[in-house]
Amino acid sequence: MKWMIAPLALLAAAGCQQETASTSNTGQDEGAPTKIAQPAPTANKAANVTLPDKRTPLAEPKGAIDPKSVEAAGQVVQHYGALIEQGHLAEAAKYWGDADAAAAFARQLQSRGLRHLEIGDLGQPEGAAGSIYVNMPVVFYGGDKRNAADVILRRVNDVPGSTEAQRRWHIERIEWNG
């Protein structure tokens, strides 16, 4: 029986030391919640743009978004990116002002193997000749390829003779960065 007591005592002592070490390393009780450090936003070398960490959720808007606001332009890019990722290129083309330009860009995405989209921060709106433009930096990626681009969005102000489609935010063009 003596030979069993010694190993049990060693096991108990080792367990106590391990528990002491784990609580002394954190400086917290075992039942206390631990704080997990959130990583800083990642700098995207391809776009030279700081994008939010994928684990950080975007803030939800408070109430309805005004369809004329810059935030509505950002939603256009979000919806477009979601459709690209799902492979719904024809439906994604509806977010463009020009169907031919949308088709040409979709072919470029397919030839480059790009199916995903990271979105940067919206730029400041700029007015020109009855229209409002806003720029949003993005990164299209797929596999090990990453290509930065700028999505230029446009909406026509409420001017006489403009159509409802022109008064909605739409993708005017997407320019590759390099």
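Select E164 and R168 to begin: their side chains meet in a salt bridge, 3.5 Å from N to O. In this predicted model, E164 is exposed, with a relative accessible area of 56%, while R168 is partly exposed at 47%.

Keep R168 on screen and bring up the second largest pocket, which holds about 390 Å³ of space. Of its 21 lining residues, those closest to the centre are A165, Q166, R168, W169 and H170. To see what surrounds the pocket, colour helix 2 (70-86), strand 6 (145-156), helix 5 (164-167) and strand 7 (170-176); these elements each give two or more residues to the lining. Sorted by class, the lining has 9 nonpolar, 3 polar and 9 charged residues.

Next, select R155 and D158. Their closest N and O atoms are 3.5 Å apart, in a salt bridge. R155 is buried at 4% relative accessible area, whereas D158 is partly exposed at 49%. Add K68 to the selection: K68, R155 and D158 are linked in a network of salt bridges.

Now go to R146 and E118, whose side chains form a salt bridge with an N to O distance of 2.9 Å. R146 lies in strand 6 and E118 in strand 3 (residues 116-119), so this pair ties together parts 28 residues apart in sequence. R146 is partly exposed at 36%; E118, at 15% relative accessibility, counts as buried. A search of the whole structure finds 6 salt bridges.

Finally, zoom out to the whole chain, which has 5 helices and 7 strands. Of its 178 residues, 28% count as buried. The accessible surface comes to about 12100 Å², and 55% of that belongs to carbon and sulfur atoms.

Terms used:
Residues numbered from 1 in each chain as written. Predicted model: local features only at pLDDT ≥ 70, side-chain atom pairs only at ≥ 80, totals over all residues. Heavy atoms only, no water. 1 Å grid on protein atoms, 1.4 Å probe; cavity = no way out; pocket = protein on both sides within 12 Å on 5 of 7 lines; lining within 4 Å. Points joined across faces, edges and corners; volume = space filled by probe spheres on them. Helix = DSSP H or I, 4+ residues; strand = E, 2+ residues; numbered from the N terminus. Nonpolar A, V, L, I, M, F, W, Y, C, P; charged D, E, K, R; others polar. Buried < 20%, exposed > 50% of the residue type's maximum accessible area, 1.4 Å probe, protein only. Areas by Shrake-Rupley, 256 points an atom, 1.4 Å probe, with all protein chains shown as cover. Salt bridge = Lys/Arg side-chain N within 4 Å of Asp/Glu carboxyl O.
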